[in-house]
Amino acid sequence: MTSLGASWSGSSVLLVLLFSVLVLSPTLAIHVYTHREIHGTVGSHITLSCSFWSSEWISEDISITWHFQPESSRDSITIFHYAKGQPYIDDVGTFKERMEWVGNPYNKDGSIVIHNLQYTDNGTFTCDVKNPPDIVGKSSQVTLYVFEKVPTRYGMVLGSIIGGVLLLVLLVVVIAYLIRYCWLRRQAALQRRLSAMEKGKLQRAGKDSSKRGRQAPVLYAMLDHSRSTKAVSEKKGKGGLGDSRKDKK
Amino acid sequence: MLVLLLGIIVLHVAVLVLLFVSTIVSQWLVGNGHTADLWQNCSSLHVPSAFQCQTSSTNEWLQSVQAMMILSIIFSVLSLFLFFCQLFTLTKGGRFYITGIFQILAGLCVMSGAAIFTVRYTEWQIPSDDISFGFAYILAWVAFPLAAISGVIYIILRKRE
């Protein structure tokens, strides 16, 4: 009975192990990420960024390799190798004195920078990372295009025109409302001051001073003038929802 | 005066629909079996009995036409929204200035978009004998005076009670 039980528990443990290996093993690989394609201008520099994810701790034996396949050729040459904590940069090939190691394996970053781009740098760069014991994984490729000047991304002109016009209109509307608000406030203050003046003058003298009070302040005349011009424009204006212009006064 | 109000709203919505159709439908330039619009070129020439579409070029002028059409739609929608706002908040006897201004702006945007397209379409489309303007292009030109009229009506309109 005990032997049966032992064999049963043994086989179940085996099953669980098999299951975990089959299901979990795909994730026990190293994943490398780069851009798909990058654009650079002749003479400037470009950063070939490569980041990776490993399920193991980053060990000292980690190795990062960059290969380069020119556009018109089928051969792939190694241009950079990092092993045992030391970067080895190409100092005899086409990238002689143009390459710079800016990565940090412990930061999961394996990027390099290429200065002084040439048209011969058009091609595919492959980033390959191995972190023993985690060595199974796909490397990642990035295609470099070298232009005379970088073409503007699609949608820049579109977005900038739309954004610019909308902002402009918003600004104009806000300014118009501010001006109107200030003008209305100024009108209200003037009205208050004038009514106070009229009250004061009426108290002091008779009807003559009240008449003078109406004519003396120049601002009051302006107010009157503006109201009269509004009346003129109302008469000129056509149709509309109402004939209540007279009611407005 | 409810009829007048309804008529104005119908005109505004008609302008909006014209703008939408003109921007979206693929009929700005038509040739035999080949249509092109602001966003893609479709042709059934290379592979007969199959309609293939590919995105249009990234020419700056084409992008500016696209921007103008989108802006006109935005302004027209804003104008409709502001009309309803002003209908309930404007003082008696006041005028729908903002609504009219936005509608006129929408008309101006459509006009400038269609004009730029007319002048510069050879840059992204090889002119040939059988290429002619499609109905979406005509709709854009029709939308411009309608939008202008609608905007002017809003400006001379007055709110009652």
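**Exercise 1.** Which handedness, left-handed or right-handed, has the crossing in which α1(B) passes α4(B)? Work through the geometry and the residues of this helix pair in the predicted model.

*Solution.*
1. Begin with the axes: helix α1 (residues 2-24) of chain B and helix α4 (residues 135-156) of chain B come within 9 Å and cross at roughly 150°.
2. Angles over 145 degrees count as roughly antiparallel, so α1(B) is roughly antiparallel to α4(B).
3. The handedness is then read off: α1(B) passes α4(B) in a left-handed crossing.
4. On the α1(B) side, the contact is made by I8(B), L11(B), H12(B), V15(B), L18(B), L19(B), V21(B) and S22(B). On the α4(B) side, the residues include F135(B), L139(B), L146(B), I153(B) and Y154(B).
5. Sorted by class, the contact of α1(B) with α4(B) has 16 nonpolar, three polar and no charged residues.

**Exercise 2.** How do α3(B) and α4(B) cross, and into which classes do their contact residues divide?

*Solution.*
1. The axes of α3(B) and α4(B) come within 8 Å, and the crossing angle is roughly 160°.
2. With the same cut-off of 145 degrees, α3(B) is therefore roughly antiparallel to α4(B).
3. The crossing of this pair, α3(B) and α4(B), is left-handed.
4. The contact of α3(B) with α4(B) divides into 18 nonpolar, seven polar and no charged residues.

**Exercise 3.** At what angle do helix α2 and helix α3 of chain B pack, and how many charged residues does their contact have?

*Solution.*
1. Helix α2 (residues 60-89) and helix α3 (residues 97-120) of chain B have axes 8 Å apart and pack at an angle of about 165°.
2. That angle makes α2(B) roughly antiparallel to α3(B).
3. α2(B) passes α3(B) in a left-handed crossing.
4. One charged residue takes part in the contact, alongside 17 nonpolar and nine polar residues.

**Exercise 4.** Which side chain meets that of D121(A) in a salt bridge, and where do the two residues lie?

*Solution.*
1. A search of the whole structure finds two salt bridges over all chains.
2. In one of them, the side chain of D121(A) meets that of R98(A), at 2.8 Å from N to O.
3. D121(A) is in the loop between β9 (112-114) and β10 (123-130) of chain A, while R98(A) is in the loop between β7 (86-89) and β8 (99-101) of chain A.
4. The two residues are 23 residues apart, and the pair links distant parts of the chain.

**Exercise 5.** Which residues of chain A does the annotation "transmembrane region" cover, and what is the helix content of that span?

*Solution.*
1. According to the unreviewed UniProt entry, the annotation covers residues 154-183 of chain A.
2. In the model, residues 154-183 of chain A are 93% helix and 0% strand.
3. The end C-alpha atoms of this span lie 45 Å apart.

How values were computed
Residues numbered from 1 in each chain as written. Chains lettered and ligands numbered in written order. Predicted model: local features only at pLDDT ≥ 70, side-chain atom pairs only at ≥ 80, totals over all residues. Heavy atoms only, no water. UniProt positions renumbered as here; feature names shortened; annotations may be inferred. Helix = DSSP H or I, 4+ residues; strand = E, 2+ residues; numbered from the N terminus. Axes fitted to C-alpha atoms, helices over the stretch in contact; angles between N-to-C directions. Parallel < 35°, antiparallel > 145°, perpendicular 65-115°, else oblique. Left-handed = near helix turned anticlockwise from the far one by under 90°. Contact = heavy atoms within 4.5 Å. Nonpolar A, V, L, I, M, F, W, Y, C, P; charged D, E, K, R; others polar. Salt bridge = Lys/Arg side-chain N within 4 Å of Asp/Glu carboxyl O.
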